[in-house]
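Me: I should like to work through this structure by question and answer. Please give the reasoning before each result.

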Amino acid sequence: MTGITAPKSPVTTAEFADGIREQLKYAQGVTPEQATPADVYVASSLVVRHYLQDAWFKTQQDMINGSTKAVGYLSAEFLIGKQLRNALLNAGMLDQFDEAVESLGFKPQDVVDAEYEPALGNGGLGRLAACFIDSLASLGVPAFGYGIQYKYGIFKQEFDKDGKQVEKPEYWQANEEPWGHVDYNRSQRVNFGGKVVTRPDGSKEWQPEWSVRAVPVDYMVPGYASGRVNTLRLWSARSYDEFDLATFNKSDYLNAVKPQVAAENISKILYPEDSTPQGKALRLEQQYFFVAASIHDAIRVFYPGQDKPDLTTFPDKICFQLNDTHPVIGIPELMRVLIDEYGYTWDVAWDITTRTFNYTCHTLLPEALEVWPAELIGELLPRHLEIIKAINTNFLAELATKTRDKAKINRMRIVTEGDNPQVRMAFLAVAGGSHVNGVAELHSELLKDVTLRDFSDLYGDKFTNVTNGVTPRRFIRLANPRLSALITEGLGTDKWLSDLELLKGLEPLAKDDEFVKKFAAVKQANKVDFANYAKREYGFELDPNTMFNTMVKRLHEYKRQSLKILALIARYADIKSGRLSADDVLPRTVIFGAKSAPGYYLAKMTIQLINNVARVVNNDPDVKGKLSVYFPWNYNVRLAQHLIPATDLDEQISQAGKEASGTGNMKFALNGAMTVGTLDGANVEIRERVGAENFFLFGMTVDEVDKLYEEGYSPAKYYEADPRLKAAIDMVSDGTFSNGDRNTYAPLVADWLTKDWFMTLADFTAYCSIQSDIEALYREPLEWNRKALLNVANSGYFSSDRSIEDYLTRIWHTGPLV
């Protein structure tokens with residue numbers, strides 16, 4: 001007998017239906033007969049919020065009145081995905097919702113589809129933050145997620161007639177948004193500019209030039225089966241003086257709203273293009289805006305009604321996790337608050353600050369470790385620049401007591417020397433926090449050995465690892481209900497949703513041919529579903545009887561979408577030239593998904609190339625039914641939840657030593673996809689756990705990459721040595737994929753042949769060679785699915801619940817509410 005432990009709310013179907021009717025009437029102003037699916041979506045969401053409210057209040061009160069330290073997760077992005085189904089699952093109301101909606105004459109899927117996905121993140125960083133706040137609530141740990149309520153997201157991706165990426169505003173709040181509660185009564189003032197004056201007693205006072213109002217927008221974060229509801233608090237920027245009536249009455253309408261525009265720009269767009277001074281300033285304004293509001297908010301929350309609280313207890317109330325370098329300006333901000341507003345000495349303030357903050361580094365790329373011009377910080381945050389310089393001075397003095405190596409001390413400066421000094425935010429985070437963690441075992445080792453080696457040498461006890469994870473509730477239970485049901489059947493329980501290591505119990509079933517066939521049937525049904533979804537949403541004609549081969553991730557050179565598209569072109573060329581008989585080709589559908597940063601020239605050109613390869617290949621009768629390429633635009637969580645369960649083969653082919661972790665690799669493995677990849681990021685740990693024989697490994701190792709850099713890498717040598725690579729690049733160069741125009745991709749080709757910093761060409765032959773192993777196994781469906789099932793069974797480690805438990809023991813030193 002199967003043991004079902006999923007939460008089940010005492011709310012009945014009839015009560016849920018009555019709640020929808022009431023919300024339709026009093027909130028939407030329509031009757032059930034007049035209502036649209038969008039009306040019912042809003043009403044249903046308000047009903048769920050209503051039933052979560054008491055648990056939300058109790059969680060807050062227990063957090064404030066208890067002795068359990070809370071977590072403040074500071075992140076520039078939270079890619080939370082659609083909220084309704086997730087909230088229903090965690091609250092135990094999925095069945096009641098489905099039945100109630102049907103009783104009112106609506107299809108549940110139509111209602112769910114009416115929700116517009118919040119555009120509050122971009123890639124893995126934001127999705128990880130969303131998984132973490134879900135797990136914190138599910139484990140009963142008191143927590144706030146703190147970030148920004150972006151009005152237009154990063155951008156809505158479209159493709160023009162030439163296949164180029166076009167960025168459009170993402171109007172995700174164009175209709176009613178029932179999940180975010182705007183709380184004007186708990187807004188915070190955030191200041192910018194001005195000057196610093198010295199008071200008669202020698203203390204400093206920041207006299208800002210302008211201010212904005214940070215208005216909190218609160219999202220409930222219900223835990224799965226925990227009874228706890230945490231808060232995601234996102235800040236929206238508003239102006240205190242948004243309208244100048246006198247100016248307006250002079251018919252100067254634009255200048256009449258200039259202060260409003262300047263303030264609201266702060267929360268309009270995630271990662272504004274920063275190649276201009278104005279763009280850089282806006283990014284710094286954003287970062288300071290949300291951390292300053294969050295720090296003041298935390299003081300308000302944990303010391304209610306106290307004008308002069310004892311903030312020496314602040315690190316016992318809450319610890320802040322800096323999700324990458326974006327929130328690091330919070331370190332000098334807390335110092336400023338403690339010294340200037342509450343009168344603490346420098347030493348006491350520094351002790352409080354360093355016990356409050358911890359830092360997660362998400363990169364190994366030096367250029368991704370944020371560096372700000374000191375001049376810009378001085379213009380926007382003059383008091384903070386003084387504090388940063390003082391931190392730097394004290395830090396250099398401390399280093400002098402630890403080492404006599406002057407070159408090392410100089411390398412570790414937080415503020416560089418010279419005519420244009422820069423502030424190294426990662427260095428500030430290491431100096432100003434208690435712990436520093438990487439996000440995969442390999443990544444953490446490389447952080448210590450390479451990226452932050454000097455700091456690791458002298459402050460080794462600060463460094464630790466927490467391998468990333470994903471929430472199984474969204475990415476298996478909701479995204480893949482068929483697989484979820486099969487797992488529960490195989491294990492005899494659904495407890496795996498809150499203890500993912502229980503998936504290990506599936507391992508013996510990989511020897512059961514009948515169970516493996518059920519697993520294969522789940523995958524095939526998911527592929528049919530995705531083909532229908534792709535037809536409906538994009539107009540694509542996918543054949544679910546082909547291998548679905550997927551590469552979805554942010555478009556960046558180190559992730560090497562170029563390697564995938566060049567190999568695909570080489571396969572196409574082999575068929576066209578007759579080197580490979582079409583009859584011998586394993587039918588394959590290749591699916592890309594990626595956004596490029598608006599100012600990233602080569603990445604955007606790669607997107608254009610992929611789209612045009614798709615155009616040529618998909619319209620060539622010589623390869624019809626054997627090879628097809630699709631690039632659904634505007635990749636997001638909704639698309640991921642449809643595509644990942646349908647994928648046969650996942651691509652994790654970044655250059656070894658460049659990917660911090662990756663979480664897409666975990667989602668695919670947990671959903672029964674096989675992986676082809678390098679020894680990079682969390683691929684290493686996935687391969688160790690699922691078994692080397694169940695992972696398609698290729699490419700150079702980190703040591704081999706480093707050696708080739710040292711010896712001098714010449715990409716043209718690889719171009720000349722491999723005829724298939726040469727043919728592929730020549731087709732890009734000769735206009736095959738640009739209607740005969742040889743100039744379209746000339747910069748991309750030139751980069752491949754003369755620079756190729758991430759060694760796409762060096763790994764090309766190995767990548768193509770592994771394809772024969774992949775295709776041979778895929779032609780044996782029972783064995784392929786047996787290995788895919790073993791991937792699922794051995795990926796339980798990659799739960800965000802486990803990640804949070806590691807943070808709790810290694811870094812935060814707190815736990816669930818009693």
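**Contacts, packing and pairing**

Me: Leaving aside its neighbours within four places in sequence, with which residues is Leu442 in contact?
Reply: This is a predicted model, in which local features need pLDDT of at least 70 and side-chain atom pairs count only at pLDDT 80 or more, while totals for chains, interfaces and linings use all residues. Residues are numbered from 1 along each chain as its sequence is written, and side-chain values use heavy atoms, with hydrogens and water left out. Taking contact as heavy atoms within 4.5 Å, and setting aside neighbours within four places in sequence, Leu442 touches Leu679, Asp680, Gly681, Val684 and Val702.

Me: How far apart are the C-alpha atoms of Leu442 and Glu685?
Reply: Leu442 belongs to helix H18 (residues 441–451); helices (H or I, at least four residues) and strands (E, at least two) are DSSP runs numbered from the N terminus. Glu685 is 243 residues away from Leu442 along the chain. The C-alpha atoms of the two residues are nevertheless separated by 8.5 Å.

Me: Which strands stand at the edges of the open sheet of six strands, and why is one side of each left without a neighbour?
Reply: Two strands count as paired if DSSP finds at least two bridges between them. With parallel pairing, the order in this open sheet is E19-E18-E17-E20-E21-E22. Each edge strand has a single partner strand, so one side of it lacks a neighbour in the sheet; these strands are E19 (627–630) and E22 (696–697).

Me: Which residue in E22 stands opposite Val676?
Reply: Strand E21 (residues 674–677) pairs with E22 in the parallel sense, over two bridges. Within E22, the residue opposite Val676 is Phe696.

Me: What angle does the direction of helix H33 make with that of E21?
Reply: Helix H33 (residues 781–793) packs on the sheet and touches strand E17 (547–552), strand E20 (649–652), E21 and E22. Axes are lines fitted to C-alpha atoms, for helices over the stretch in contact, and angles between N-to-C directions run from 0 to 180 degrees. Between H33 and E21, the angle is about 85 degrees.

Me: How are helices H10 and H12 oriented to each other?
Reply: H10 (residues 277–302) packs against H12 (residues 330–341) at an angle of about 45 degrees, with the axes 9 Å apart. Angles under 35 degrees count as roughly parallel, over 145 as roughly antiparallel, 65 to 115 as roughly perpendicular, and the rest as oblique. The two helices, H10 and H12, are therefore oblique.

Me: How many nonpolar residues does the contact of H10 with H12 have?
Reply: Residues of H10 including Val291, Ile295 and Ile299 meet residues of H12 including Leu334 and Val337. Ala, Val, Leu, Ile, Met, Phe, Trp, Tyr, Cys and Pro count as nonpolar, Asp, Glu, Lys and Arg as charged, and the others, Gly among them, as polar. Besides two polar and three charged residues, the nonpolar ones number seven.

Me: What is the handedness of the crossing of H23 and H32?
Reply: The axes of helix H23 (residues 561–577) and helix H32 (residues 760–778) come within 10 Å and cross at roughly 60 degrees, which means that H23 is oblique to H32. A crossing is left-handed if the near helix is turned anticlockwise from the far one by less than a right angle, and right-handed if clockwise. For H23 and H32, the crossing is right-handed.

Me: How many charged residues are in the contact of H23 with helix H24?
Reply: H23 and H24 (residues 601–618) pack at about 20 degrees with axes 11 Å apart, so that H23 is roughly parallel to H24. Ile565, Leu568 and Ile569 are among the H23 residues in this contact, and Leu609, Ile610 and Val613 among those of H24. The contact holds nine nonpolar and three polar residues, and the number of charged ones is zero: by class, no charged residues.

Me: How many residues apart in sequence are the parts tied together by the Asp454 and Arg411 pair?
Reply: A salt bridge is a side-chain nitrogen of Lys or Arg within 4 Å of a carboxyl oxygen of Asp or Glu, and the structure holds 50 of them. In the one between Asp454 and Arg411, the closest N and O atoms are 2.8 Å apart. Because Asp454 lies in helix H19 (residues 453–458) and Arg411 in helix H16 (residues 406–411), the separation of the parts joined is 43 residues.

Me: What is the phi of Gly202 in the turn between E7 and E8?
Reply: Strand E7 (residues 195–198) and strand E8 (residues 204–207) pair in the antiparallel sense over four bridges, with Lys195 partnered by Gln207. The two strands form a hairpin with five residues between them. Gly202 has a positive phi of about 90 degrees.
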